[in-house]
Amino acid sequence: MEVGQMQRRLIEYTKSLFMEGILDDQFLQLQQLQDESNPDFVVEVVSLFFQDAEKLLNDITRALDLQSVDFPKVDAHVHQLKGSSASVGAQRVKNGCIAFRNFCEEQNVDGSLRCLQQIKQEYYHVKNKLEALFRLEQQIVAAGGSVPMMELSF
Amino acid sequence: MFGKGASSSKSMEIIGSEKKFSVLIVDDDPIIRKIHGALVSKFTTEIQEVKNGKEAVDLCRSGASFDIIFIDKKMPIMNGLEATKELRAMGVNSTIVGVTSCDLSSERNDFIAAGQNQCYEKPLTIEKIKSLLSELNKNN
C-alpha cells in the first residue's frame, strides 16, 4: 500500500474512533503536544494509561471479590481510573467510571460488578483500537511518510 | 510579562512569553505530570515536577521559587489544599492554580479558601493555560 493510501486509511480510522465515542477531544490535545522534541509523546502517555488501568482494574476486581466490600476503597480506585481515562480521551471508559461511582455510593455490589464488566470491555476495546492506530502510524513512518495531524473539529 | 503571539507551526514553539517564567507541577499521577509538563513546555522551559504537597513545600522551603504552581487536590502524604495553606503561611506568593478531577463547582470554594488564585478541572489544556496567562498578564 502506498503512503498516501495509508495516510488516508489512518485519518478515516482515527475519525471512526471519535464518531463511535471511543475517543474524545482530549486525545487530539495529546496529539497537539507531540512534536520533534517529543516524537513519541502520545504512545508514552497511552502506555502509562494502559499500565495504570490494568492495575486499577485488578485492584477493583479483588476489592469487589471480598466478603465485605470496602466501597470507599473501590470508589477511590474508580475515581483514579476515571481520571487517567479522561487524561487520554478514553471517553467510554471514563463514562463507565462515572456510572460505577454511583453504584459505589449506593454500596450496590451487583451494580458495581456489572459496571466493572462493562468498563473492562470498554478498556480492552479502546486498547485494541489504539494499538491498531499506533501500528498504522508506524507503517506510515516505516514507508517514509509522515503521520497526518487530525483537525480539532471535523 | 506574558506577551501575545502564538506559533502556528506544527512544532509549537514557546508561545506568548516575552519573559521566561517558572512553573512547578505538583501531582501524584505520572500521566498528569507528563501531560501537564508537555503542555507547560509550550510556554516556558523552566519547569519542575514533584509528586505531592510535601515535596512542593520542601522545595519552596529550600529556596526555590516559582511564578506559577499547578497543584492537584488529592495527593498522598500532603494534599493540595494543605500544601497551599502551608505555602501561603510560609509567605510564598506564587500564583497557585488548583487542578481537580472532581466537579469544579463544588471544589472551587475549598480552593479559594485555601489561598489558591484559580482552579481548573483536569486535564489542563492549551486553551486553559492561555486563558490563565492572559488573566495574569492583565493583573500584572
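**H79(A) and the interface of chains A and B**

Colleague: Why does H79(A) count as buried in this predicted model?

Modeller: The relative accessibility of H79(A) is 10%, and buried means under 20% relative accessible area, with exposed over 50% and partly exposed in between (1.4 Å probe, protein chains only); H79(A) therefore counts as buried. This is a predicted model, in which local features need pLDDT of at least 70 and side-chain atom pairs count only at pLDDT 80 or more, while totals for chains, interfaces and linings use all residues. Residues are numbered from 1 along each chain as its sequence is written.

Colleague: Which residues does H79(A) touch, not counting residues up to four places away in sequence?

Modeller: H79(A) is in contact (heavy atoms within 4.5 Å) with R101(A), K74(B), S101(B) and C102(B).

Colleague: What does UniProt list for H79(A)?

Modeller: The unreviewed UniProt entry gives "modified residue: Phosphohistidine"; such annotations may be inferred rather than shown by experiment.

Colleague: How much area do chain A and chain B bury between them?

Modeller: Buried area is the accessible area (1.4 Å probe) that two parts lose on being put together, summed over both. For chain A and chain B this is about 1700 Å², 64% of it on carbon and sulfur atoms. In chain A, L33(A), L48(A) and H79(A) lose the most area to chain B, together 29% of what that side buries.

Colleague: What makes D35(A) and K42(B) a salt bridge?

Modeller: The rule requires a side-chain nitrogen of Lys or Arg within 4 Å of a carboxyl oxygen of Asp or Glu. The closest N and O atoms of D35(A) and K42(B) are 2.6 Å apart, and the pair forms a salt bridge. The rule finds two salt bridges across this interface.

Key
Chains lettered and ligands numbered in written order. Heavy atoms only, no water.
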